[in-house]
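Here are my notes on the model you sent. Please read them with the structure open.

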Amino acid sequence: VAPWLVVPAAGQGRRMGADRPKQYLAIDGRPVLAHTLARLHAAFPAARLCLCLDPEDARFDPAWVPFAEWRRVPGGAERVDSVASALAAIAGEAGDDDLVLVHDVARPCVTVADLVRLHAVLADDPVGGLLAAPVADTMKRDDGAGRVATTEPRAGLWHALTPQGFRYGLLRRALTAAREAGVAVTDEASAVEALGRFPRLVSGRRDNLKITHPEDLALAGQILAAQRQ
Ligand code: C5P
């Protein structure tokens, strides 16, 4: 069964310092958003997509959406609000046990192989999980004044990537609880963890980069070119 897809794309991408949100910056003449949706479509051609966009967004062009069944939903102030808005929009259509994959628009380099593997692993998982990559660098915590306070053991530490996939009912409960508690959650998994559940870590490629800083755009272009070879 094809999963539901939620793509939060309502951020402003201020850390990029660009003249437009990062999903509209071009790689090889096409916006990041179009690259990301093309990868998702290649893996899940029959999926139903919810695309979260800023209601004021005038740059979006529906020609970039390759899915037959999709809808635009209004994003919110934070990522979690945008994803919650998408889940609210499909209430009544999505069953509690339907799998929902949430993928950052800013991650165009996710591979079809990782997408398909994540979906297969989560197919019969009662909780859900996420693509993740083991931390390679030694991790330091700062003292707030530019010096090292502690070195964190890196064994067992992972980068949380996307997609993150959970059953519709569980994800909706988790995000509602996180928003009511006012806790800052930067991914779906942490909201699910707060309910006492343990998402599965599915090892994914480290080049599933989230375009965040100015140097990331060229890097993403190089990763996409290398993956095509
Ligand atoms: O800013 P950051 O890179 O953490 O955003 C992650 C993803 O969440 C991006 O795809 C961004 O467009 C999305 N987002 C959103 N609504 C917000 C903030 C971020 O859909 N209010």
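**Notes on the fold and the ligand site**

1. Start with the sheet. This is a predicted model. Its open sheet has seven strands in the order 5-4-1-6-10-7-11, and the pairing is mixed. Strand 5 (70-74) and strand 11 (200-203) are the edge strands, each pairing on one side only. From one strand to the next, the twist averages 25 degrees.

2. Look next at one pair inside that order. Strand 6 (residues 99-102) and strand 10 (residues 158-167) are antiparallel and share four bridges. For a landmark, find V100: F166 of strand 10 stands opposite.

3. Two helices deserve a check against the sheet. Helix 2 packs on the sheet and touches strand 1 (4-9), strand 4 (48-53), strand 5 and strand 6. The direction of helix 2 makes about 140 degrees with that of strand 4. Helix 3 (residues 112-122) also packs on the sheet. Its contacts are with strand 6, strand 7 (128-134), strand 10 and strand 11. Helix 3 makes about 135 degrees with the direction of strand 7.

4. How do helix 2 and helix 4 cross? Two packed helices are described by the angle between their axes and the distance between the axes. Here the axes of helix 2 (residues 79-89) and helix 4 (residues 168-181) come within 10 Å and cross at roughly 140 degrees. Angles over 145 would count as roughly antiparallel. The two helices are therefore oblique to each other. Their crossing is left-handed.

5. Which residues make that contact? From helix 2 come V80, V83, A84 and L87. They meet Y168, L171, R172, L175, A178 and R179 of helix 4. By class, the contact of helix 2 with helix 4 has eight nonpolar residues, no polar ones and two charged ones.

6. Now the ligand. There are 16 residues around the ligand, and P8, A10, G11, S82 and D104 come nearest. Strand 1 and helix 2 each supply at least two residues of this shell. The shell divides into seven nonpolar, five polar and four charged residues.

7. Finally, inspect the hairpin. Strand 8 (residues 139-142) and strand 9 (residues 148-152) run antiparallel, joined by four bridges. K140 stands opposite T151 of strand 9. Five residues lie between strand 8 and strand 9 in this hairpin. In the turn, G144 has a positive phi of about 85 degrees.

Methods. Residues are numbered from 1 along each chain as its sequence is written. This is a predicted model: local features need pLDDT of at least 70, side-chain atom pairs count only at pLDDT 80 or more; totals for chains, interfaces and linings use all residues. Axes are lines fitted to C-alpha atoms, for helices over the stretch in contact, and angles run from 0 to 180 degrees between N-to-C directions. Angles under 35 degrees count as roughly parallel, over 145 as roughly antiparallel, 65 to 115 as roughly perpendicular and the rest as oblique. A crossing is left-handed if the near helix is turned anticlockwise from the far one by less than a right angle, and right-handed if clockwise. Two residues are in contact if their C-beta atoms, placed from the backbone, lie within 7 Å. Ala, Val, Leu, Ile, Met, Phe, Trp, Tyr, Cys and Pro count as nonpolar, Asp, Glu, Lys and Arg as charged, and the others, Gly among them, as polar. Two strands pair if DSSP finds at least two bridges between them. A residue is near a molecule or strand if its C-beta atom, placed from the backbone, lies within 6 Å of it.
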